[in-house]
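Open the model in a viewer and keep the selection tool at hand. The stops below go through one chain, then the interface, then the other chain.

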Amino acid sequence: MGATSMSASLGKSSRWLLALACMTACAVAAGCGGSSNSATSSKAKGHETIGFLYVGPHNDYGYNQAAYQGSLAVKKAFPAAKVLEAENVPETAEAERVMEKMIRDGATILFPTSFGHLGPAMNVARRHPNVTFLHMGGLKNGPNLGTYFGTIYDTQYAVGQAAGMATKSDKLGYVVAFPIAQTLLNINAFERGAQSVNPKAKTSVVFTGSWCDPGKQAEATNSLIDQRVDVLEQHQDCTKTVVQTAERRGVLSTGYHADASGLAPKGWLTGSEWNWGPLMVRMVRTVEDGKFKASPYAGLYRVGVPSGVIKLAPYGAAATPAIRKQVTATYDRLKTGWVPFEGPIRDQSGKLRVRAGVTPNRHQLESTDYLVQGVVGKIPGGA
Amino acid sequence: MLVEDVLAGTVRSGTSVLFAAEGELISERAGVINLGTEGCMLTGALAAFAVTNATHSALLGVVAAVGAGALLASVHAFVVITCRANQLASGLAVSFLGLGLTSWLGAHYVSRSIHPLNRADIPALSDIPFVGPVLFQHDVLTYVGLALGPLIWLFLYRTRTGLILRATGENGAVAFAYGHSPTLVRYLAVMVGGALAAVGGAQLVLAYTLNWVENVTVGRGFVAVALVIFAGWEPLKATLGAFVFGGALALQLQLQARGVSISPFLLNMAPYVLTLAILVVASRGRAQRPPEEIRAVFGTTGA
């Protein structure tokens, strides 16, 4: 752990510590930030400094752990490069501060990995045209800022099939952080997958209003199980609490972000997993070669199952041979580039959103603002 | 059905706050406000999780939490009782010390797992319709929590030690004149308060979230401090307040699970607003008189 990592892992509290303990050193360092355009662009190939920012801890069995695994692959592929890491970076001006600090420390490539890091990254990118920003999951780009993401809703369809076949009550539950296009797409894919094998399957959705608040996750999971939900899926950054609460109450779980089969020896079915390493290595190499601006990585780059960025997690004890057969067949179909959003698709109100025979393209899908028929629960605030 | 589920959820999510509130109440009744309660909860949560992870014994985890919470609270006690520093400033500092320390020391425990504190249904009672699922199908610490308010009420109003504690909180000089050391009483009260808050943190991670993450309490300790004030320093009202808070938390999630739409932002706010509203209503008409020594803290904040 470098100094950056240390100070950032105390990030949330540091503002308070500043106020309380007068950490003068930090205050001075932050105060003389300005727009110091570091003269680091002349670094030799392979000797770049690369910065990674995570919104949570690197070992959360979830989103951040998956991104962190990517940074490990980058480290391995570029042994001479210096990799800076900062955990628990909030999606606020604090993220700008951390990025500025990394740039002062010589970073020429930055990986802000949380959805809400995009705004701060755009601001810092404008001030540092010589630094390349590769943002995970963003819906906007700039001259020196590209975004990339995986179409993980593809595998969520297969995971939904596993859930639809395994349920006895025909009630599935989904514990979601916030209603954004990414999460709505995953819920829709999951429910459509479940319906494809079990037309009676319904998915109840609960929003926790936080990417990682285990207290709310526990209560949300318990609430769903009280409603006779017997398979739990989630879209949270830290994933352990939902899986373990489900296991403890004797219901099944599917996963998202990372393989959690070890946490639910009895109830684990399968899940969607990220494999960021190879893509991140390719992107760093492109930037090194000076080919970033002409590459697809400078835009809104999206990859799916065929690229290997998205995988199906290993099957668990609850996945019967019939479930494995069905889900593996779907997974094989996804590997050919099939998109599981063929029309007709109707939203909860019955309105036709995708006409029969039409499959929306990736960018149309990313503007999804509705839940499909069969999902129980409303999108809060009409977001 | 909804009522039963919400009430069961109320007890599940309110218990950790209940421990912290009752602990803070003991401390304040002796004349010391401890805003470090949040830090004590976090310290207890991490200590309980780490020790349970290492020993596979939740009991040892709780014992470790008691020790860690009392230890952190003793820092506050030393600063405000022995050094006579400002209670509010010291309490805040202790809270952020707890947050920083546990974030740092706990980083490696985020990916670890424990054998959680399991549900221990009480025979016969847990089979009673409605009442059983709400009150008697929980973990051991929850049962202790349910008994805590009445026990502390008995302690404060029906025992000699409780009388000395209250006397110290009202007027240290008088307690001293009767041969009791206000310093000793306050040290003990603050440390018991910190230990109880830590047990709240332990209950949260051992029986509820089953996991440790940085700042896992998300402000429950500060809610507990507010509850004590709004409960008028009465242990039974503090229990009520903790469950109102837990109930609001459970209600919005139970409603969502039933398909009712609520904004996640409103949802984050609801427990705090509802708790404040109900306690303000509950305490209307009665004079809310803080212990005299606590009043002095607010009166002379420059001390």
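Two residues are in contact if their C-beta atoms, placed from the backbone, lie within 7 Å. Helices (H or I, at least four residues) and strands (E, at least two) are DSSP runs, numbered from the N terminus. This is a predicted model, in which local features need pLDDT of at least 70 and side-chain atom pairs count only at pLDDT 80 or more, while totals for chains, interfaces and linings use all residues. Residues are numbered from 1 along each chain as its sequence is written, and chains are lettered from A and ligands numbered from 1 in the order in which they are written.

**Chain A, the open sheet**

Select chain A, which has 13 helices and 15 strands. Six of its strands make an open sheet with parallel pairing, in the order β2-β1-β3-β4-β5-β11; two strands pair if DSSP finds at least two bridges between them. At the edges are β2 (82-86) and β11 (300-303) of chain A, each paired on one side only. From one strand to the next the twist averages 20°.

Now pick strands β4 (residues 132-136) and β5 (residues 145-150) of chain A, a parallel pair with four bridges. A:His135 has A:Thr147 in β5(A) as its bridge partner.

Next show helix α4 (residues 63-77) of chain A, which lies across β1 (49-53), β2 and β4 of chain A and runs at about 165° to β2(A). Axes are lines fitted to C-alpha atoms, for helices over the stretch in contact, and angles run from 0 to 180 degrees between N-to-C directions. Add helix α5 (residues 93-104) of chain A: this helix packs on the sheet and touches β1, β2 and β3 (107-112) of chain A, at about 155° to the direction of β3(A).

**Chain A, strand β8**

Move to strand β8 (residues 231-235) of chain A. Five of its five residues are buried, so β8(A) is largely enclosed by the rest of the structure. A residue is buried if 20 or more other C-beta atoms lie within 10 Å of its own, exposed if 12 or fewer, and partly exposed in between, with C-beta atoms placed from the backbone. A:Val231, A:Glu233 and A:His235 are on one side of the strand, A:Leu232 and A:Gln234 on the other.

Which strands pair with β8(A)? Strand β6 (residues 171-176) of chain A does so in the parallel sense over five bridges, with A:Val175 partnered by A:Gln234. Strand β9 (residues 252-257) of chain A also runs parallel to β8(A), joined by two bridges; there A:Val231 stands opposite A:Leu252.

**Between the chains**

Show both chains: 42 residues of chain A are in contact with 41 residues of chain B. On the chain A side, two or more residues each come from α2 (11-21), β7 (202-207), α9 (214-226) and α10 (240-248) of chain A. The largest share, 10 residues, is from α9(A).

**Chain B, two helices**

Finish with helices α3 (residues 58-82) and α4 (residues 87-106) of chain B, whose axes come within 10 Å and cross at roughly 155°. They are therefore roughly antiparallel, a term for angles over 145 degrees. The contact residues are B:Leu72, B:Val75, B:His76, B:Val79 and B:Val80 of α3(B) and B:Gln87, B:Ser90, B:Gly91, B:Val94 and B:Gly98 of α4(B).

In helix α3 of chain B, select B:Ser74. B:Ser74 counts as partly exposed because it has 15 C-beta neighbours inside 10 Å. Its C-alpha atom is 7.0 Å from that of B:Val190, 116 residues apart along the chain.

How values were computed
Angles under 35 degrees count as roughly parallel, over 145 as roughly antiparallel, 65 to 115 as roughly perpendicular and the rest as oblique.
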